[in-house]
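Please look over the structure below with its strand pairing, its buried interior and its surface in mind. A short briefing follows.

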Amino acid sequence: LEKDTTFTLVGRLNTVLASSRLNEFRAQFSREDRPREANTDDLTITVAGLGTTGRVSFLPSLETDDRYQVVDNLTWLFGPHSLRTGVDLNLTHTMQPFFLSRSAGEYRFNTVADYLNTIATGQPLWRDFRQGYGRADVNFWQKEYAFFVQDTWKARPSLTVNYGLRYEAQIEPQPDRPNPALAGSDQVPSDTNNFGPRAGLSWSPWKDSKGVIRFNTGLFFSRTPALLIVSPFTSNGQAQIQLTFTPTSAGAPVFPNNLSAPPTGVAA
């Protein structure tokens, strides 16, 4: 069962500071709640050449994202120029109370015959069994800052030129449970060197102004999505582990059961 609930609250204030200056202030809060509950309490069974039945192996997956944003832009008119500058602060809070692949376990069979014979005779003809253990939650903030300045110059009645520069930075959270045996697992690099120049023009060479030639260019940057940040918190070789058993492995479960508790020495 998958749901997606979004709530957004936006406020805006435009202020005329003078006949040639206008300030725009915007603030917003938004929340997106995306609970994906498990489709069943059963474990997962995968048969090569046939398909998968039971629980979807990556469910349940529960997540809530909160976004806080504040933007302030100032426009200043002087002569043929319209100068615009502004700042943008964007904070994203990601809360994932549970996500653990194969949390209920998964049996995998090489053939349909092996699957049917296991059911009929009780013989352990499954290829392997996998079950996930360890950390299932994350809670972190991503912080984004931006500043820009841009000028729109009415060079001629038929020619308008735009040029400007935008700076962006994204500060990433740092893993709170790094793996001591894995160098670098305690760091997620932030992105702080994003300078994006912009330029453009609008030209109307025809006297009747029935046509316009436009040209725009610029350097743009995209944010690092929270999904990629989750991995350093959980998939560092220690926080989460996937245990794999064959029918002859010590401590292997008996089909169709999973492991009710992790083996000795494995943290839940």
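How many bridges join S7 to strand S8, and do the two run parallel or antiparallel? S7 is joined to strand S8 (residues 128–134) by 3 bridges, and the two run antiparallel; strands (E, at least two residues) are DSSP runs numbered from the N terminus, and two strands pair if DSSP finds at least two bridges between them. This is a predicted model, in which local features need pLDDT of at least 70, side-chain atom pairs count only at pLDDT 80 or more, and totals for chains, interfaces and linings use all residues. Residues are numbered from 1 along each chain as its sequence is written, and side-chain values use heavy atoms, with hydrogens and water left out.

**Strand S7 and its partners**
- In S7 (residues 106–109), Glu106 and Arg108 point one way while Tyr107 and Phe109 point the other way, and all are buried (under 20% relative accessible area, 1.4 Å probe, protein chains only).
- Strand S3 (residues 44–47) runs parallel to S7 and is joined to S7 by 4 bridges, with threonine 44 having glutamate 106 as its bridge partner.
- On the S8 side, arginine 108 has aspartate 128 as its bridge partner.

**Nonpolar cores**
- The largest nonpolar core (buried Ala, Val, Leu, Ile, Met, Phe, Trp, Tyr and Cys residues joined through side-chain atoms within 4.5 Å) has 14 residues, and Ile45, Tyr107 and Trp126 are among those with the most contacts inside it.
- Two or more residues of this core come from each of S3, S7, S8 and strand S13 (240–245).
- Another core, of 7 residues, lies apart from it and includes Phe140, Val188, Ala226 and Ile229.

**Leucine 89**
- Leucine 89 is found in strand S6 (residues 81–99), and it counts as partly exposed (between 20% and 50%) because its relative accessibility is 32%.
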